[in-house]
Amino acid sequence: MKDLVRGYGRGLTALFFAAALGWGLMLIILPQLTMLERAVTAPARQLDSSIARRVMLDAGTCISVLGTYQPAEEEAPAETGGLAIPSMGGSSGGMAVPSMGGSSGGMAVPSMGNATADQATRPYILQCDRATTHTRLVRDTGAEAEYLDTLYGAPSLSVDDSLPLEQQIAQAEEIADVARALFQRLQEEEANAFPYTLDNFETLAAPRLIPMSAEARAEEDQLFSNRLLSLAGLRYEQDGQVYERIGLVTLTRTIVFALMATALALVLCYPIAYKVALAAPPKQALWLFLGLIIPYTIVELMRVYAWTTIIDNQGLINSVLSWAGVISDPIQFKRFPGTIFLVIVYTYVLFMVFPIYNVMSTLDKNQIEAAKDLGASAVRVHRRVIIPHSKPGIAVGCIATFMLSAGAFSVPRIISRGLQAEWFSQTIYNKFFESENSNVGAAYSFGYTLICFALVALFMWAMRTRLKDFARVQ
(Lines give C-alpha, C1' and ligand atoms only; values in the text may rest on other atoms or scores of the structure.)
Protein backbone atom coordinates (compact mmCIF):
# COMPACT_ATOMS: atom_id res chain seq x y z
CA MET A 1 0.00 0.00 0.00
CA LYS A 2 2.76 2.41 0.96
CA ASP A 3 4.63 1.53 -2.22
CA LEU A 4 1.55 2.34 -4.30
CA VAL A 5 1.09 5.71 -2.60
CA ARG A 6 4.78 6.50 -2.93
CA GLY A 7 4.89 5.47 -6.59
CA TYR A 8 1.57 6.82 -7.88
CA GLY A 9 0.44 9.36 -5.32
CA ARG A 10 -2.67 9.43 -3.18
CA GLY A 11 -4.99 10.51 -5.99
CA LEU A 12 -4.13 7.75 -8.45
CA THR A 13 -4.03 5.14 -5.68
CA ALA A 14 -7.49 6.16 -4.45
CA LEU A 15 -8.77 6.11 -8.04
CA PHE A 16 -7.31 2.62 -8.56
CA PHE A 17 -8.97 1.24 -5.42
CA ALA A 18 -12.28 2.92 -6.28
CA ALA A 19 -12.21 1.36 -9.75
CA ALA A 20 -11.35 -2.07 -8.29
CA LEU A 21 -14.16 -1.73 -5.73
CA GLY A 22 -16.66 -0.68 -8.41
CA TRP A 23 -15.60 -3.54 -10.65
CA GLY A 24 -16.00 -6.08 -7.88
CA LEU A 25 -19.31 -4.60 -6.78
CA MET A 26 -20.91 -4.38 -10.21
CA LEU A 27 -19.57 -7.56 -11.78
CA ILE A 28 -19.24 -9.95 -8.83
CA ILE A 29 -21.08 -9.00 -5.65
CA LEU A 30 -24.34 -7.52 -6.94
CA PRO A 31 -25.00 -10.26 -9.54
CA GLN A 32 -24.43 -12.94 -6.91
CA LEU A 33 -26.70 -11.19 -4.42
CA THR A 34 -29.38 -10.92 -7.09
CA MET A 35 -28.98 -14.60 -7.89
CA LEU A 36 -29.18 -15.49 -4.19
CA GLU A 37 -32.33 -13.40 -3.71
CA ARG A 38 -34.03 -15.19 -6.57
CA ALA A 39 -32.79 -18.57 -5.34
CA VAL A 40 -34.41 -18.18 -1.91
CA THR A 41 -37.70 -16.90 -3.33
CA ALA A 42 -40.44 -19.41 -4.05
CA PRO A 43 -41.63 -19.46 -7.69
CA ALA A 44 -44.78 -17.36 -7.98
CA ARG A 45 -46.64 -20.09 -9.84
CA GLN A 46 -46.19 -22.45 -6.89
CA LEU A 47 -47.78 -20.11 -4.34
CA ASP A 48 -51.26 -20.95 -3.11
CA SER A 49 -52.47 -17.53 -4.28
CA SER A 50 -51.30 -18.37 -7.81
CA ILE A 51 -53.30 -21.60 -7.71
CA ALA A 52 -56.40 -19.66 -6.65
CA ARG A 53 -55.77 -17.11 -9.40
CA ARG A 54 -55.46 -19.85 -11.99
CA VAL A 55 -58.81 -21.30 -10.91
CA MET A 56 -60.33 -17.82 -11.16
CA LEU A 57 -58.95 -17.32 -14.69
CA ASP A 58 -60.05 -20.79 -15.81
CA ALA A 59 -63.54 -20.09 -14.51
CA GLY A 60 -63.62 -16.79 -16.41
CA THR A 61 -62.48 -18.49 -19.62
CA CYS A 62 -65.08 -21.20 -19.09
CA ILE A 63 -67.82 -18.56 -18.79
CA SER A 64 -66.69 -16.87 -22.00
CA VAL A 65 -66.59 -20.11 -23.97
CA LEU A 66 -69.94 -21.30 -22.65
CA GLY A 67 -71.40 -17.94 -23.60
CA THR A 68 -70.64 -18.64 -27.25
CA TYR A 69 -72.83 -21.75 -27.11
CA GLN A 70 -75.78 -20.25 -25.22
CA PRO A 71 -77.52 -18.39 -28.11
CA ALA A 72 -77.15 -21.44 -30.28
CA GLU A 73 -78.84 -23.56 -27.63
CA GLU A 74 -81.85 -21.23 -27.51
CA GLU A 75 -82.37 -21.55 -31.27
CA ALA A 76 -82.06 -25.33 -31.27
CA PRO A 77 -85.20 -27.46 -31.55
CA ALA A 78 -86.54 -28.19 -28.09
CA GLU A 79 -86.96 -31.92 -28.66
CA THR A 80 -83.33 -32.50 -29.60
CA GLY A 81 -81.58 -30.74 -26.73
CA GLY A 82 -78.72 -29.96 -29.10
CA LEU A 83 -76.68 -26.90 -29.84
CA ALA A 84 -77.60 -24.88 -32.91
CA ILE A 85 -74.23 -24.70 -34.60
CA PRO A 86 -73.31 -26.15 -37.98
CA SER A 87 -74.16 -29.82 -38.01
CA MET A 88 -73.46 -32.72 -40.32
CA GLY A 89 -76.85 -34.29 -39.67
CA GLY A 90 -79.63 -33.74 -42.14
CA SER A 91 -82.85 -34.02 -40.17
CA SER A 92 -81.36 -34.08 -36.71
CA GLY A 93 -81.23 -31.26 -34.23
CA GLY A 94 -78.21 -29.02 -34.07
CA MET A 95 -74.92 -30.64 -33.10
CA ALA A 96 -71.89 -29.01 -31.54
CA VAL A 97 -69.44 -30.81 -33.80
CA PRO A 98 -69.72 -33.36 -36.58
CA SER A 99 -71.17 -36.55 -35.06
CA MET A 100 -71.32 -40.19 -36.03
CA GLY A 101 -74.99 -40.33 -35.15
CA GLY A 102 -77.54 -40.06 -37.93
CA SER A 103 -80.68 -38.42 -36.58
CA SER A 104 -79.60 -37.94 -33.03
CA GLY A 105 -79.79 -34.77 -31.03
CA GLY A 106 -76.75 -32.54 -30.62
CA MET A 107 -73.73 -33.86 -28.70
CA ALA A 108 -70.87 -31.81 -27.33
CA VAL A 109 -68.13 -33.99 -28.81
CA PRO A 110 -68.06 -36.57 -31.58
CA SER A 111 -70.22 -39.42 -30.38
CA MET A 112 -71.05 -42.92 -31.52
CA GLY A 113 -74.53 -42.96 -30.04
CA ASN A 114 -77.74 -40.92 -29.96
CA ALA A 115 -77.96 -37.90 -27.66
CA THR A 116 -80.75 -36.88 -25.38
CA ALA A 117 -81.51 -33.72 -23.48
CA ASP A 118 -80.11 -35.27 -20.29
CA GLN A 119 -76.66 -35.80 -21.82
CA ALA A 120 -73.82 -33.29 -22.15
CA THR A 121 -74.87 -30.13 -23.95
CA ARG A 122 -71.42 -28.84 -24.87
CA PRO A 123 -68.07 -30.15 -26.10
CA TYR A 124 -65.24 -30.76 -23.71
CA ILE A 125 -63.65 -27.51 -22.51
CA LEU A 126 -60.36 -27.77 -20.66
CA GLN A 127 -60.83 -24.59 -18.65
CA CYS A 128 -64.26 -25.72 -17.45
CA ASP A 129 -62.74 -28.99 -16.32
CA ARG A 130 -59.96 -27.17 -14.42
CA ALA A 131 -62.36 -24.61 -12.91
CA THR A 132 -62.79 -26.38 -9.58
CA THR A 133 -62.00 -25.30 -6.05
CA HIS A 134 -60.84 -28.85 -5.33
CA THR A 135 -57.47 -28.13 -6.94
CA ARG A 136 -54.30 -29.69 -5.59
CA LEU A 137 -51.72 -27.29 -4.18
CA VAL A 138 -48.01 -27.46 -4.89
CA ARG A 139 -46.19 -29.25 -2.08
CA ASP A 140 -42.85 -30.98 -1.61
CA THR A 141 -42.34 -34.43 -3.09
CA GLY A 142 -43.66 -37.06 -0.70
CA ALA A 143 -45.71 -34.59 1.32
CA GLU A 144 -49.38 -35.24 1.98
CA ALA A 145 -51.67 -33.86 -0.73
CA GLU A 146 -53.53 -30.65 0.12
CA TYR A 147 -56.34 -29.01 -1.82
CA LEU A 148 -57.51 -25.44 -2.14
CA ASP A 149 -61.01 -25.96 -0.80
CA THR A 150 -60.21 -28.27 2.13
CA LEU A 151 -57.19 -26.29 3.35
CA TYR A 152 -58.83 -22.86 3.28
CA GLY A 153 -62.43 -23.80 4.06
CA ALA A 154 -63.84 -22.97 0.65
CA PRO A 155 -66.86 -24.82 -0.78
CA SER A 156 -66.09 -27.67 -3.14
CA LEU A 157 -67.34 -26.45 -6.51
CA SER A 158 -66.94 -27.61 -10.10
CA VAL A 159 -68.70 -27.25 -13.45
CA ASP A 160 -71.08 -30.14 -14.19
CA ASP A 161 -71.19 -30.61 -17.96
CA SER A 162 -74.43 -32.63 -17.74
CA LEU A 163 -76.44 -29.59 -16.68
CA PRO A 164 -77.99 -26.99 -19.00
CA LEU A 165 -75.68 -24.22 -20.10
CA GLU A 166 -77.32 -21.58 -17.89
CA GLN A 167 -76.57 -23.66 -14.80
CA GLN A 168 -73.04 -24.40 -15.97
CA ILE A 169 -72.39 -20.68 -16.43
CA ALA A 170 -73.83 -19.99 -13.00
CA GLN A 171 -71.54 -22.61 -11.48
CA ALA A 172 -68.51 -21.12 -13.24
CA GLU A 173 -69.47 -17.63 -12.02
CA GLU A 174 -69.75 -18.89 -8.44
CA ILE A 175 -66.34 -20.58 -8.74
CA ALA A 176 -64.83 -17.37 -10.13
CA ASP A 177 -66.21 -15.34 -7.21
CA VAL A 178 -64.97 -17.82 -4.59
CA ALA A 179 -61.52 -18.09 -6.24
CA ARG A 180 -61.24 -14.29 -6.56
CA ALA A 181 -61.98 -13.76 -2.88
CA LEU A 182 -59.57 -16.53 -1.93
CA PHE A 183 -56.88 -15.11 -4.21
CA GLN A 184 -57.10 -11.68 -2.62
CA ARG A 185 -57.03 -13.17 0.87
CA LEU A 186 -54.02 -15.40 0.16
CA GLN A 187 -52.16 -12.60 -1.58
CA GLU A 188 -52.43 -10.44 1.53
CA GLU A 189 -51.31 -13.30 3.78
CA GLU A 190 -48.33 -14.11 1.58
CA ALA A 191 -47.31 -10.43 1.42
CA ASN A 192 -47.10 -10.36 5.22
CA ALA A 193 -45.35 -13.74 5.50
CA PHE A 194 -41.60 -14.35 5.47
CA PRO A 195 -40.76 -14.32 1.75
CA TYR A 196 -37.68 -16.54 1.66
CA THR A 197 -37.36 -20.31 1.59
CA LEU A 198 -34.77 -23.01 0.91
CA ASP A 199 -37.17 -25.17 -1.06
CA ASN A 200 -35.46 -24.30 -4.34
CA PHE A 201 -32.18 -25.70 -3.04
CA GLU A 202 -33.93 -28.82 -1.77
CA THR A 203 -35.18 -29.64 -5.26
CA LEU A 204 -31.56 -30.36 -6.20
CA ALA A 205 -31.59 -33.42 -3.93
CA ALA A 206 -35.24 -34.34 -4.48
CA PRO A 207 -35.69 -37.96 -5.67
CA ARG A 208 -37.56 -38.61 -8.91
CA LEU A 209 -39.46 -41.75 -9.80
CA ILE A 210 -37.93 -43.62 -12.75
CA PRO A 211 -40.72 -45.73 -14.30
CA MET A 212 -39.41 -49.00 -15.69
CA SER A 213 -40.41 -52.63 -15.93
CA ALA A 214 -38.91 -55.36 -13.77
CA GLU A 215 -36.78 -56.58 -16.69
CA ALA A 216 -35.45 -53.11 -17.43
CA ARG A 217 -34.75 -52.54 -13.74
CA ALA A 218 -32.75 -55.77 -13.56
CA GLU A 219 -30.66 -54.67 -16.56
CA GLU A 220 -30.11 -51.18 -15.15
CA ASP A 221 -29.00 -52.58 -11.80
CA GLN A 222 -26.18 -54.47 -13.50
CA LEU A 223 -24.61 -51.29 -14.86
CA PHE A 224 -21.47 -50.23 -13.01
CA SER A 225 -22.48 -46.56 -13.05
CA ASN A 226 -25.81 -47.34 -11.40
CA ARG A 227 -24.05 -49.41 -8.76
CA LEU A 228 -21.87 -46.42 -7.94
CA LEU A 229 -24.96 -44.22 -7.73
CA SER A 230 -26.58 -46.70 -5.35
CA LEU A 231 -23.48 -46.76 -3.13
CA ALA A 232 -23.50 -42.95 -3.05
CA GLY A 233 -27.21 -42.88 -2.15
CA LEU A 234 -28.16 -41.15 -5.38
CA ARG A 235 -30.24 -44.09 -6.58
CA TYR A 236 -32.42 -46.42 -4.49
CA GLU A 237 -35.47 -48.65 -4.57
CA GLN A 238 -38.59 -48.17 -2.47
CA ASP A 239 -41.80 -50.20 -2.64
CA GLY A 240 -40.58 -51.87 -5.82
CA GLN A 241 -39.99 -48.53 -7.57
CA VAL A 242 -36.68 -46.97 -8.58
CA TYR A 243 -35.92 -43.42 -7.44
CA GLU A 244 -32.99 -41.29 -8.52
CA ARG A 245 -31.78 -37.91 -7.32
CA ILE A 246 -31.41 -36.62 -10.86
CA GLY A 247 -30.17 -33.16 -9.91
CA LEU A 248 -27.36 -34.46 -7.72
CA VAL A 249 -26.52 -37.16 -10.26
CA THR A 250 -26.06 -34.53 -12.98
CA LEU A 251 -24.07 -32.29 -10.62
CA THR A 252 -21.77 -35.12 -9.51
CA ARG A 253 -21.25 -36.37 -13.04
CA THR A 254 -20.37 -32.88 -14.29
CA ILE A 255 -17.85 -32.26 -11.51
CA VAL A 256 -16.21 -35.66 -12.10
CA PHE A 257 -16.04 -34.98 -15.84
CA ALA A 258 -14.58 -31.50 -15.22
CA LEU A 259 -11.94 -32.96 -12.89
CA MET A 260 -11.06 -35.60 -15.47
CA ALA A 261 -10.81 -32.97 -18.21
CA THR A 262 -8.57 -30.85 -15.95
CA ALA A 263 -6.32 -33.84 -15.21
CA LEU A 264 -6.09 -34.66 -18.91
CA ALA A 265 -5.22 -31.06 -19.73
CA LEU A 266 -2.49 -31.05 -17.06
CA VAL A 267 -0.97 -34.29 -18.37
CA LEU A 268 -0.88 -32.90 -21.90
CA CYS A 269 0.17 -29.32 -21.11
CA TYR A 270 2.91 -29.84 -18.52
CA PRO A 271 5.33 -31.38 -21.04
CA ILE A 272 4.52 -28.63 -23.53
CA ALA A 273 5.19 -25.90 -20.97
CA TYR A 274 8.42 -27.61 -19.90
CA LYS A 275 9.58 -27.96 -23.50
CA VAL A 276 8.90 -24.32 -24.32
CA ALA A 277 10.23 -22.85 -21.06
CA LEU A 278 13.28 -24.95 -20.27
CA ALA A 279 14.10 -27.56 -22.89
CA ALA A 280 13.85 -25.75 -26.22
CA PRO A 281 16.13 -23.16 -27.84
CA PRO A 282 14.56 -19.69 -28.15
CA LYS A 283 13.88 -20.06 -31.86
CA GLN A 284 12.18 -23.43 -31.45
CA ALA A 285 10.20 -22.11 -28.49
CA LEU A 286 8.91 -19.28 -30.67
CA TRP A 287 7.52 -21.73 -33.24
CA LEU A 288 5.97 -23.83 -30.51
CA PHE A 289 4.25 -20.74 -29.14
CA LEU A 290 2.96 -19.79 -32.54
CA GLY A 291 1.58 -23.31 -32.97
CA LEU A 292 -0.33 -22.89 -29.72
CA ILE A 293 -1.60 -19.36 -30.26
CA ILE A 294 -2.58 -19.30 -33.94
CA PRO A 295 -5.61 -21.64 -33.60
CA TYR A 296 -6.92 -19.39 -30.81
CA THR A 297 -7.16 -16.41 -33.11
CA ILE A 298 -10.42 -18.02 -34.28
CA VAL A 299 -13.59 -17.49 -32.25
CA GLU A 300 -14.17 -20.29 -29.73
CA LEU A 301 -17.61 -21.16 -31.08
CA MET A 302 -16.25 -21.58 -34.60
CA ARG A 303 -13.51 -23.87 -33.30
CA VAL A 304 -16.08 -26.02 -31.51
CA TYR A 305 -18.23 -26.24 -34.64
CA ALA A 306 -15.14 -27.18 -36.62
CA TRP A 307 -14.84 -30.28 -34.45
CA THR A 308 -18.27 -31.41 -35.63
CA THR A 309 -16.88 -31.75 -39.15
CA ILE A 310 -14.20 -34.04 -37.73
CA ILE A 311 -16.35 -36.35 -35.58
CA ASP A 312 -19.60 -36.47 -37.58
CA ASN A 313 -20.79 -39.73 -39.13
CA GLN A 314 -19.64 -38.36 -42.50
CA GLY A 315 -16.83 -36.36 -40.92
CA LEU A 316 -13.11 -36.49 -41.52
CA ILE A 317 -12.26 -39.39 -39.20
CA ASN A 318 -15.10 -41.67 -40.29
CA SER A 319 -14.49 -40.85 -43.95
CA VAL A 320 -10.80 -41.75 -43.73
CA LEU A 321 -11.48 -44.96 -41.77
CA SER A 322 -14.23 -45.95 -44.19
CA TRP A 323 -12.02 -45.22 -47.22
CA ALA A 324 -9.25 -47.33 -45.69
CA GLY A 325 -11.70 -50.20 -45.11
CA VAL A 326 -11.18 -50.16 -41.35
CA ILE A 327 -14.88 -49.67 -40.55
CA SER A 328 -18.12 -50.45 -42.33
CA ASP A 329 -20.42 -48.33 -40.15
CA PRO A 330 -19.49 -44.87 -38.87
CA ILE A 331 -18.25 -44.57 -35.30
CA GLN A 332 -20.69 -42.61 -33.13
CA PHE A 333 -18.18 -40.17 -31.64
CA LYS A 334 -21.04 -37.94 -30.49
CA ARG A 335 -22.03 -40.65 -27.98
CA PHE A 336 -18.55 -40.94 -26.41
CA PRO A 337 -17.89 -38.77 -23.31
CA GLY A 338 -14.20 -38.86 -24.23
CA THR A 339 -14.97 -36.72 -27.26
CA ILE A 340 -16.20 -33.93 -25.01
CA PHE A 341 -13.06 -34.24 -22.86
CA LEU A 342 -10.87 -33.91 -25.92
CA VAL A 343 -12.68 -30.84 -27.26
CA ILE A 344 -12.72 -29.19 -23.82
CA VAL A 345 -8.97 -29.72 -23.45
CA TYR A 346 -8.45 -28.32 -26.94
CA THR A 347 -10.68 -25.34 -26.18
CA TYR A 348 -9.07 -24.39 -22.85
CA VAL A 349 -5.50 -25.64 -23.33
CA LEU A 350 -3.98 -22.15 -23.23
CA PHE A 351 -5.43 -21.54 -19.78
CA MET A 352 -3.35 -24.47 -18.58
CA VAL A 353 -0.18 -23.94 -20.60
CA PHE A 354 0.48 -20.24 -20.06
CA PRO A 355 0.34 -20.13 -16.23
CA ILE A 356 2.66 -23.14 -15.99
CA TYR A 357 5.02 -21.69 -18.59
CA ASN A 358 5.12 -18.25 -16.96
CA VAL A 359 6.21 -19.66 -13.60
CA MET A 360 8.42 -22.37 -15.03
CA SER A 361 10.34 -19.84 -17.16
CA THR A 362 11.46 -18.02 -13.98
CA LEU A 363 13.33 -21.12 -12.79
CA ASP A 364 17.10 -20.78 -12.89
CA LYS A 365 18.37 -23.51 -15.18
CA ASN A 366 21.48 -23.76 -13.05
CA GLN A 367 19.34 -25.48 -10.40
CA ILE A 368 18.45 -28.19 -12.91
CA GLU A 369 22.07 -28.61 -13.92
CA ALA A 370 23.14 -28.79 -10.29
CA ALA A 371 20.57 -31.47 -9.55
CA LYS A 372 21.75 -33.50 -12.52
CA ASP A 373 25.38 -33.10 -11.45
CA LEU A 374 24.45 -34.49 -8.05
CA GLY A 375 23.07 -37.61 -9.74
CA ALA A 376 19.34 -36.84 -9.77
CA SER A 377 17.35 -38.62 -12.46
CA ALA A 378 15.01 -36.76 -14.80
CA VAL A 379 11.98 -37.84 -12.76
CA ARG A 380 13.62 -36.70 -9.53
CA VAL A 381 14.55 -33.36 -11.07
CA HIS A 382 10.91 -32.75 -11.99
CA ARG A 383 9.62 -33.97 -8.63
CA ARG A 384 12.09 -32.11 -6.41
CA VAL A 385 12.99 -29.01 -8.44
CA ILE A 386 10.69 -28.12 -11.32
CA ILE A 387 7.25 -29.06 -9.95
CA PRO A 388 7.73 -27.38 -6.52
CA HIS A 389 8.83 -24.21 -8.29
CA SER A 390 5.92 -24.42 -10.76
CA LYS A 391 3.19 -25.09 -8.17
CA PRO A 392 1.59 -21.63 -8.42
CA GLY A 393 1.35 -21.94 -12.21
CA ILE A 394 -0.01 -25.48 -11.97
CA ALA A 395 -2.58 -24.33 -9.41
CA VAL A 396 -3.72 -21.39 -11.52
CA GLY A 397 -3.90 -23.52 -14.67
CA CYS A 398 -5.87 -26.28 -12.94
CA ILE A 399 -8.27 -23.83 -11.30
CA ALA A 400 -8.91 -21.95 -14.54
CA THR A 401 -9.37 -25.13 -16.57
CA PHE A 402 -11.62 -26.72 -13.96
CA MET A 403 -13.88 -23.68 -13.61
CA LEU A 404 -14.17 -23.31 -17.38
CA SER A 405 -14.84 -27.03 -17.83
CA ALA A 406 -17.40 -27.14 -15.03
CA GLY A 407 -19.24 -24.19 -16.56
CA ALA A 408 -18.88 -25.35 -20.16
CA PHE A 409 -22.11 -25.12 -22.11
CA SER A 410 -21.37 -24.83 -25.80
CA VAL A 411 -18.91 -27.75 -25.97
CA PRO A 412 -21.14 -30.50 -24.48
CA ARG A 413 -24.23 -29.12 -26.19
CA ILE A 414 -22.73 -28.87 -29.67
CA ILE A 415 -20.53 -31.95 -29.56
CA SER A 416 -23.04 -34.40 -28.01
CA ARG A 417 -26.18 -32.90 -29.65
CA GLY A 418 -28.34 -34.38 -26.92
CA LEU A 419 -27.00 -37.92 -27.37
CA GLN A 420 -25.19 -37.89 -24.01
CA ALA A 421 -26.24 -37.09 -20.49
CA GLU A 422 -26.40 -33.33 -20.08
CA TRP A 423 -23.90 -31.33 -18.06
CA PHE A 424 -25.07 -29.30 -15.09
CA SER A 425 -24.65 -26.06 -17.00
CA GLN A 426 -27.24 -27.34 -19.46
CA THR A 427 -29.58 -28.19 -16.58
CA ILE A 428 -29.30 -24.63 -15.28
CA TYR A 429 -29.96 -23.26 -18.76
CA ASN A 430 -33.06 -25.43 -19.09
CA LYS A 431 -34.37 -24.23 -15.73
CA PHE A 432 -34.00 -20.62 -16.78
CA PHE A 433 -35.15 -20.69 -20.39
CA GLU A 434 -36.85 -23.98 -21.23
CA SER A 435 -39.06 -24.65 -18.20
CA GLU A 436 -39.25 -20.98 -17.10
CA ASN A 437 -38.31 -21.99 -13.56
CA SER A 438 -35.69 -19.34 -12.95
CA ASN A 439 -35.95 -19.53 -9.14
CA VAL A 440 -34.83 -23.16 -9.13
CA GLY A 441 -32.25 -22.35 -11.82
CA ALA A 442 -30.86 -19.57 -9.61
CA ALA A 443 -30.63 -21.98 -6.68
CA TYR A 444 -28.82 -24.51 -8.85
CA SER A 445 -26.45 -21.82 -10.15
CA PHE A 446 -25.65 -20.34 -6.73
CA GLY A 447 -25.21 -23.76 -5.12
CA TYR A 448 -23.00 -24.89 -7.99
CA THR A 449 -20.81 -21.81 -7.56
CA LEU A 450 -20.35 -22.52 -3.85
CA ILE A 451 -19.46 -26.16 -4.54
CA CYS A 452 -16.88 -25.19 -7.17
CA PHE A 453 -15.36 -22.60 -4.83
CA ALA A 454 -15.14 -25.22 -2.09
CA LEU A 455 -13.36 -27.62 -4.44
CA VAL A 456 -10.94 -24.89 -5.49
CA ALA A 457 -10.19 -24.09 -1.83
CA LEU A 458 -9.63 -27.79 -1.13
CA PHE A 459 -7.29 -28.02 -4.11
CA MET A 460 -5.30 -24.99 -2.95
CA TRP A 461 -4.99 -26.51 0.50
CA ALA A 462 -3.81 -29.83 -0.95
CA MET A 463 -1.27 -28.00 -3.15
CA ARG A 464 -0.14 -25.88 -0.19
CA THR A 465 -0.74 -22.83 -2.37
CA ARG A 466 -1.69 -19.42 -1.03
CA LEU A 467 -3.22 -16.46 -2.82
CA LYS A 468 0.00 -14.45 -2.64
CA ASP A 469 1.79 -17.27 -4.52
CA PHE A 470 -0.36 -16.43 -7.53
CA ALA A 471 1.53 -13.16 -7.85
CA ARG A 472 4.33 -15.18 -9.40
CA VAL A 473 2.01 -16.02 -12.32
CA GLN A 474 2.34 -13.12 -14.74
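Which residue in E3 does arginine 208 stand opposite? Keep that question in mind while you select the whole chain, which is a predicted model in which local features need pLDDT of at least 70 and side-chain atom pairs count only at pLDDT 80 or more, while totals for chains, interfaces and linings use all residues. Residues are numbered from 1 along each chain as its sequence is written, and side-chain values use heavy atoms, with hydrogens and water left out.

**The whole chain**

With everything shown, you have 18 helices and three strands in view, where helices (H or I, at least four residues) and strands (E, at least two) are DSSP runs numbered from the N terminus. Of the 474 residues, 38% count as buried, a word that means under 20% relative accessible area, as against exposed for over 50% and partly exposed in between, with a 1.4 Å probe and protein chains only. Among the contacts in the chain with a separation of 6 or more, 64% come from residues 24 or more positions apart, contact being heavy atoms within 4.5 Å.

**The sheet**

Now select the three strands, which form an open sheet in the order E1-E3-E2 with antiparallel pairing; two strands pair if DSSP finds at least two bridges between them. Strand E1 (208-210) and strand E2 (235-238) are the edge strands, each pairing on one side only. Neighbouring strands of this sheet are turned by 40 degrees against each other on average, direction ignored. Strands of a sheet pair through backbone hydrogen bonds, either parallel or antiparallel.

Select E1 together with E3, and you will find the two strands running antiparallel and joined by three bridges. Here the opening question is settled, for arginine 208 stands opposite glutamate 244 in E3. Add E2 to the view, and you can see that arginine 235 also stands opposite glutamate 244.

Next, follow E2 and strand E3 (residues 241-244), which run antiparallel and are joined by four bridges. Among the pairs to pick out, glutamate 237 has valine 242 in E3 as its bridge partner, and glutamine 238 has glutamine 241. The hairpin of E2 and E3 has two residues between the strands, and in it aspartate 239 takes a positive phi near 55 degrees. If you then turn E3 so that both faces can be inspected, the covered face holds Val242 and Glu244, and the uncovered one holds Gln241 and Tyr243.

**Helices H17 and H18**

Two packed helices are described by the angle between their axes and the distance between the axes. Select helix H17 (residues 424-434) and helix H18 (residues 438-462), whose axes come within 7 Å and cross at roughly 155 degrees; such axes are lines fitted to C-alpha atoms, for helices over the stretch in contact, and the angles run from 0 to 180 degrees between N-to-C directions. This makes H17 roughly antiparallel to H18, because angles over 145 degrees count as roughly antiparallel, under 35 as roughly parallel, 65 to 115 as roughly perpendicular and the rest as oblique.

The crossing of H17 and H18 is left-handed, which is said when the near helix is turned anticlockwise from the far one by less than a right angle, and right-handed is said if clockwise. Show the side chains, and you will find residues of H17 including Phe424, Ile428 and Phe432 meeting residues of H18 including Val440, Tyr444 and Tyr448.

Stay in helix H18 and select serine 445. Is serine 445 buried or exposed? Serine 445 counts as buried because its relative accessibility is 18%. Leaving aside neighbours within four places in sequence, serine 445 is in contact with Met35 and Ile428.

**Helices H15 and H18**

Keep H18 and add helix H15 (residues 378-406), so that you see two axes that come within 11 Å and cross at roughly 160 degrees. H15 and H18 are therefore roughly antiparallel to each other, and H15 passes H18 in a right-handed crossing. In this contact, residues of H15 including Ile399, Phe402 and Met403 meet residues of H18 including Phe453, Leu455 and Phe459.

**Helices H11 and H13**

Finally, select helix H11 (residues 300-311) and helix H13 (residues 337-360), which pack at an angle of about 145 degrees with their axes 11 Å apart. H11 passes H13 in a right-handed crossing, and residues of H11 including Arg303, Val304 and Trp307 meet residues of H13 including Leu342, Val343 and Tyr346.
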